[in-house]
Amino acid sequence: MSEIQAFLRSDGRKGIRNTLVVAYLVECAHFVASEIVHQFRNTPHEGEVQLIGFPGCYPNEYAAQMMEKLCTHPNVGAVLFVSLGCESFDKVRAANAVDSSNRPVKTLVIQRAGGTRSTIQAGADWIRQTLAQIAEVPRVRMGVDELIIGTVCGGSDGTSGISGNPAAGKAFDLLVAEGAACIFEETGELIGCEEIMAARAVTPELGNILRESVQKAERYYATLGYGSFAAGNAAGGLSTIEEKSLGAYVKSGDSPISGLIKPGDIPPSGGLYLMDVVPDGDVRFGFPNISDNAEIVEMIASGAHMTLFVTGRGSVVGSAISPVIKICANPDTYRNLAEDMDVNAGDIIEGVRSIPEVGQEIHDLVLAVAAGRQTKSEELGHREFILTYKSFEPIGPACLPGAA
Amino acid sequence: MSGKSSFGPFLLLSDKDNVLVARANSPEGLQVALEGGQVILSRPIPMAHKIARRDIAAGDVILKYGMPIGIATTAIRAGEHVHVHNIRSAYTPTHMLQDADGRSAGVSL
C-alpha cells in the first residue's frame, strides 16, 4: 500500500487532491464560470479546475457558510469567484474567508470586467498563474486517522441493503478502528431505524438526539407529502420507506456512534458520526436534499476527503472537490455499467465473495484513492455539484460528547 | 439463524421474516420449496423483489431483516409477490411510476 502524500494547508488540515475551484455566486454567472473551466479541457489541468456555485439571487446563511467551508476544504488549493455583480451573495465575506486561510483567491465581477468574453479571458489568465503557484503546496505524510470519509446511497434497490450497504458498513468498521472519522447521513432514510440506532450512541443524551433527528425528518417529509423515496426504488423491489431505510442504515456498520453533526460541522476526532441533513424549524425551501449530490456536497463541507456511494439501480455521478467511490450492489447493474463502477458488491448476491471480502476491497481502495489513484468517476470527468437553500440551528454540546 | 436461509433463488434474511428476497431474476412457473410446501411462481420475480414466506393476513406486519417494513393491505398467499400492490408503509405513502412491477421498462417510446 503506497503511503498518502497529502497537501498541507495552513490550518494544519491535509488534502488528498489540490483542486482549483471556480465558484459562480448566482445562476446569472454560471455560464461564464463554466466557460472559464472549459478553457482547461484537454489540457494537463483538466479535472483539477472544477466548477461549483450557488444559483439563488437571495441571501441564505446556510449557503454562505457552506460556500466558505467548501472553498477552504483541504482538497482545495485556490478559489476563483465569479459574480454577476448585483446578486445578494456576500462575495466580500466569502473571499475574505478564503484569503484568511492563506489560499490564493480572486473575485471577478462580470458587470465590471467588460462582459462575458473579457471575464472568461481574465479568469483563465488568473487560473494559469495560480495553478503554478498551488503546485508548490508542501506535501506531507497523512495517516488513515486523519481521513474523513462519507457514505451515501443513491438509486437504491432491493440489493443495496443486502450487499453494497453492508459491505460499505464493513469498510467503515475497519476505517473507524484505524482512527478515521466516518460520516453517514440522510435522516429521512433512517425512518424506522431510530430505536436501534439510538442504542449505539456513546451517551444516552446523544441517543435521544439521534432519535429526535429522525423524528424531525419524519415530520418534515410528512409535510412535503413524499418520503425520501424515488420511483426507481420501487421498480428495484423496495416497497416502503422503512424497507429502504433498513437497507440504508447498514452502511453505518457496527461501530458506536460518536456524535451528530450538521452540514459544515467538522468531526472533532475519529469515530462514526450521523449527519442531520433535515433543516430545523418550519418547512421552508422544499426538499431537504433534492438529489444525491446535495448530500455529497454537505459531507464535503464537513471535511469529507472522499465519499463511498452505494448504488443498486446504477448512479454514474462523481463530485467536485472530493472523489466518489462507486460501489454497485446489483450484479446485473454492474455488468451493465461496469465502466462507471469501482467495486462490484453484486458478487455478494451471486455468492462469489463475502461481505467482509468486499468490505476489505472498499477499505483498500479508500487508501489507494487517498494516495492519488483516480476513481472511475474522476477519470470520466464527473464533477457534479449542487447547493440550494436551507436553514439550520447550530448543534448543542450533547451532540459531540467526546469533544468537550 | 436456525434452519434454512435459502429457498431456491430466494434468501431468508432473518428467522423472524415473513418475506424472502430474490437473489436472481426468477421466472414465472418456477417451483420453490418453502417450509409450508411447494409453491409455483405466478409471475416472474425480478432480482431483489420479495415473495411471501408463508400465508400473510391483511393487516399483518411485514418483517424483513427481522424488522417491520410495512403492513399487508390484503391477504397474501405463500409464494406471492409482496410489493407496493399489497403492502403499505406505516409512515409515508410510496411514490411509484408504471415500472414499479420491476418488469416494464418505464419508457413509452
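Which domains does the domain assignment of chain A give? In this predicted model, the assignment for chain A yields domain 1, spanning 19-136, and domain 2, spanning 144-390. The C-alpha centres of domain 1 and domain 2 of chain A are separated by 28 Å, and the contact between them involves 18 residues of domain 1 of chain A and 16 residues of domain 2 of chain A. On the side of domain 1 of chain A that touches domain 2 of chain A, β3, β4 and α2 of chain A each supply at least two residues, and the largest share, six residues, is contributed by α2(A). Classified by residue type, this side of domain 1 of chain A consists of nine nonpolar, eight polar and one charged residues.

With regard to overall dimensions, chain A has a radius of gyration of 20 Å, which agrees with the value near 22 Å that a compact globule of 404 residues would have. Along the principal axes, the C-alpha atoms of chain A fill a box of roughly 60 × 45 × 45 Å. Of the 404 residues in chain A, 60% are buried; among the contacts of chain A with a separation of 6 or more, 75% are accounted for by residues 24 or more positions apart. The secondary structure of chain A comprises 15 helices and 14 strands.

Helix α2 of chain A, which covers residues 61-71 and supplies the largest share of the side of domain 1 of chain A that touches domain 2 of chain A, is mostly covered, with eight of its 11 residues buried. The buried residues of α2(A) are Y62(A), A63(A), M66(A), M67(A), E68(A), K69(A), L70(A) and C71(A). The elements that cover these buried residues include the strands β3 (19-24), β4 (49-53) and β5 (76-83) of chain A, together with the helices α3 (91-100) and α11 (292-301) of chain A.

A further element of chain A is an open sheet of three strands, in the order β2-β1-β7, with antiparallel pairing. The edge strands of this sheet, β2 (14-15) and β7 (139-142) of chain A, each pair on one side only. Strand β1 of chain A, residues 4-8, is paired with β2(A) in the antiparallel sense over two bridges, and L8(A) has K14(A) in β2(A) as its bridge partner.

The contact between the two chains takes 26 residues from chain A and 30 residues from chain B. On the chain A side, the elements that give two or more residues are α8 (204-224), α9 (231-235) and α10 (241-249) of chain A, and the largest share, four residues, comes from α10(A). By class, the side of chain A that touches chain B is made up of 12 nonpolar, nine polar and five charged residues.

In chain B, strand β7, residues 61-64, presents a covered face formed by I62(B) and K64(B) and an uncovered face formed by V61(B) and L63(B). This strand, β7(B), pairs in the antiparallel sense with strand β8 of chain B, residues 67-72, over four bridges, and K64(B), which belongs to the covered face, has M67(B) in β8(B) as its bridge partner. Together, β7(B) and β8(B) form a hairpin with two residues between them, and in the turn Y65(B) adopts a positive phi of about 55°.

Notes:
Residues numbered from 1 in each chain as written. Chains lettered and ligands numbered in written order. Predicted model: local features only at pLDDT ≥ 70, side-chain atom pairs only at ≥ 80, totals over all residues. Rg over C-alpha atoms; globule rule 2.2 N^0.38 Å. Buried ≥ 20, exposed ≤ 12 C-beta atoms within 10 Å, placed from the backbone. Contact = placed C-beta atoms within 7 Å. Pairing = 2+ DSSP bridges. Domains from an automatic or database assignment. Nonpolar A, V, L, I, M, F, W, Y, C, P; charged D, E, K, R; others polar.
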